[in-house]
Each structure stands twice: as C-alpha cells, then as structure tokens.
Amino acid sequence: MATAGSPVAAQTITREQAARAAIHPVANEAALRDWLRRVPKTRAFPPDFTATLRGQGSLYLVEMTTAPGCVPCADLWAALGVFHRAYGWQVRTISGQEALLRSGRLGLPWVGHPVAWVRPVADPDRTIPIAIGTDHEINIARNAYLAAKMLTGVRADVGLRAMSKYTGIVGVVSTQGRAR
C-alpha cells in the first residue's frame with residue numbers, strides 16, 4: 001500500500017502514458033498471434049444478434065484505415081472479409097487523414113493503423129469506432145452489432161461499455177511515421 005510520501009503515491013499517470021500502455025505495436029505475424037491469444041473472445045450473444053447483423057447489412061458500412069506492410073491491418077481486413085461474407089455489410093478503406101479527423105472529433109488519441117468504424121451508408125458524419133487495432137472476428141461482429149444498435153437508438157452507455165476493451169494491436173510505426 002502506498003503512503004503519502006512514497007514514490008508510488010507521488011506518481012501520476014498521464015493520458016499519454018495510459019494510451020501507450022494500451023497500445024501493442026507488432027511487426028510480424030508471430031507477435032500479432034501472441035497478443036491476440038491474450039484477447040478474450042465474446043461467447044454470449046443476444047438472441048437477435050445474427051438477425052440484426054444480416055438485417056442491417058444494407059444500412060451500415062465498415063470503414064478502416066490501413067498502411068502498407070501493416071500486419072494488424074491485413075489481419076483486420078481478413079476478419080472484416082469474413083464479416084462481410086457472413087452478414088453482407090460493405091467494407092472499405094479510408095485515408096489516414098480521414099482517420100485522424102474522425103479520431104480527433106471523438107477525442108481519441110491516434111494510435112496507428114488499423115482503426116475501424118461503422119457508419120450509416122447515408123450519413124458519413126455519424127461514426128462509431130468498432131476496433132482500435134485488430135481483434136478476433138467474433139469480437140468485430142459483436143462491436144458492429146453494438147454500433148448498429150447504438151445508431152438506431154439503444155442507450156449509448158450500454159454499447160460503449162461493451163466495446164471499451166479494444167485490443168490496441170497496431171502496426172509498428174517507423175521513424176518516418178509510416179507503419180511497417
């Protein structure tokens with residue numbers, strides 16, 4: 001237990017330190033798999049899970065950032081491909097500049113690629129982040145389900161609590177600011 005004069009009590013964690021602690025840059029497939037093994041998979045779903053995802057496929061799309069040579073980007077793209085085939089949602093990429101703007105609007109620190117958002121097809125300004133870093137396919141589907149629910153009026157705090165544990169498994173950024 002820390003006392004008032006101890007070094008532990010004197011330490012305060014900054015927002016930047018907390019953000020760095022939640023980010024796990026990986027440069028190769030083995031490192032990616034090591035981090036993903038630590039991420040729990042969602043096992044319980046509401047009864048309308050599949051019907052909602054399939055029924056909402058024409059109303060929403062998933063957009064993600066990517067960078068050349070980014071291992072987690074390729075992994076998330078593959079997971080979103082499976083999601084697209086299972087539920088019919090459109091999936092496409094957006095520019096890094098657009099991603100920075102979206103992150104800034106939501107007050108999210110930019111952590112690197114990939115980041116994925118769900119938005120209504122007809123409204124590019126209503127976005128909900130569903131992945132910061134790559135994740136298991138089932139967790140991506142869960143977050144898309146929750147985003148669809150939130151965009152149709154389900155209380156946002158319920159969905160946000162469920163989505164708050166992003167993996168943060170992102171691509172390694174080189175000194176030139178590009179993912180490797």
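This is a short tour of a predicted model, stop by stop, with something to select at each one.

**Whole chain.** Start with everything shown as a cartoon. You should find eight helices and six strands, following the pattern α-α-β-α-α-β-α-β-α-β-β-α-α-β along the sequence. Switch to a surface for a moment: the accessible area is about 9900 Å², with 57% belonging to carbon and sulfur atoms. Of the 180 residues, 43% are buried. Among contacts with a separation of 6 or more, 70% join residues 24 or more positions apart.

**Residues 60-93.** Now select strand β2 (residues 60-64), helix α5 (residues 71-87) and strand β3 (residues 90-93). Together these three elements make a right-handed β-α-β unit. The two strands run parallel and pair over four bridges. To see the register, pick Leu61, which stands opposite Gln90 in β3.

**Glu63 and Arg119.** Stay on β2 and show the side chain of Glu63. Which residue meets Glu63 in a salt bridge at 3.1 Å, N to O? Select Arg119 and you have the partner. Arg119 lies in strand β4 and Glu63 in strand β2, so the pair ties together parts that are 56 residues apart in sequence. Both ends are covered: Arg119 is buried at 6% relative accessibility, and Glu63 is buried at 3%.

**The network.** Add Arg92, Glu98 and Arg102 to your selection; with Glu63 and Arg119 they are linked in a network of salt bridges. Zoom in on Arg102 and Glu98, whose closest N and O atoms are 3.0 Å apart. This pair sits four residues apart in helix α6, a separation of about one helical turn. Arg102 is buried at 4%, whereas Glu98 is partly exposed at 24%.

**Two loop residues.** Next pick Thr127, in the loop between β4 and β5. Is Thr127 buried or exposed? With a relative accessible area of 14%, Thr127 is buried. Its contacts beyond four places in sequence include Arg102 and Arg119, both from the previous stop, as well as Trp117. Then try Ser95, in the loop between β3 and α6, which is partly exposed at 41%. From Ser95 to Glu63 the C-alpha distance is 9.7 Å, across 32 residues of sequence.

**Helix α3.** Finish at residues 29-37. Here the side chains of Asp34 and Arg37 meet in a salt bridge at 2.4 Å, N to O, one of eight in the count. The two are three residues apart, about one helical turn. Asp34 is partly exposed at 38%, and Arg37 is exposed at 62%.

Technical notes
Residues are numbered from 1 along each chain as its sequence is written. This is a predicted model: local features need pLDDT of at least 70, side-chain atom pairs count only at pLDDT 80 or more; totals for chains, interfaces and linings use all residues. Side-chain values use heavy atoms; hydrogens and water are left out. Two strands pair if DSSP finds at least two bridges between them. A crossover is right-handed if, with the strands pointing away from the viewer, the path from the first strand over the helix to the second runs clockwise. Buried means under 20% relative accessible area, exposed over 50%, partly exposed in between (1.4 Å probe, protein chains only). Contact means heavy atoms within 4.5 Å. Accessible areas come from the Shrake-Rupley method with a 1.4 Å probe; for residues, only the protein chains shown count as cover. A salt bridge is a side-chain nitrogen of Lys or Arg within 4 Å of a carboxyl oxygen of Asp or Glu.
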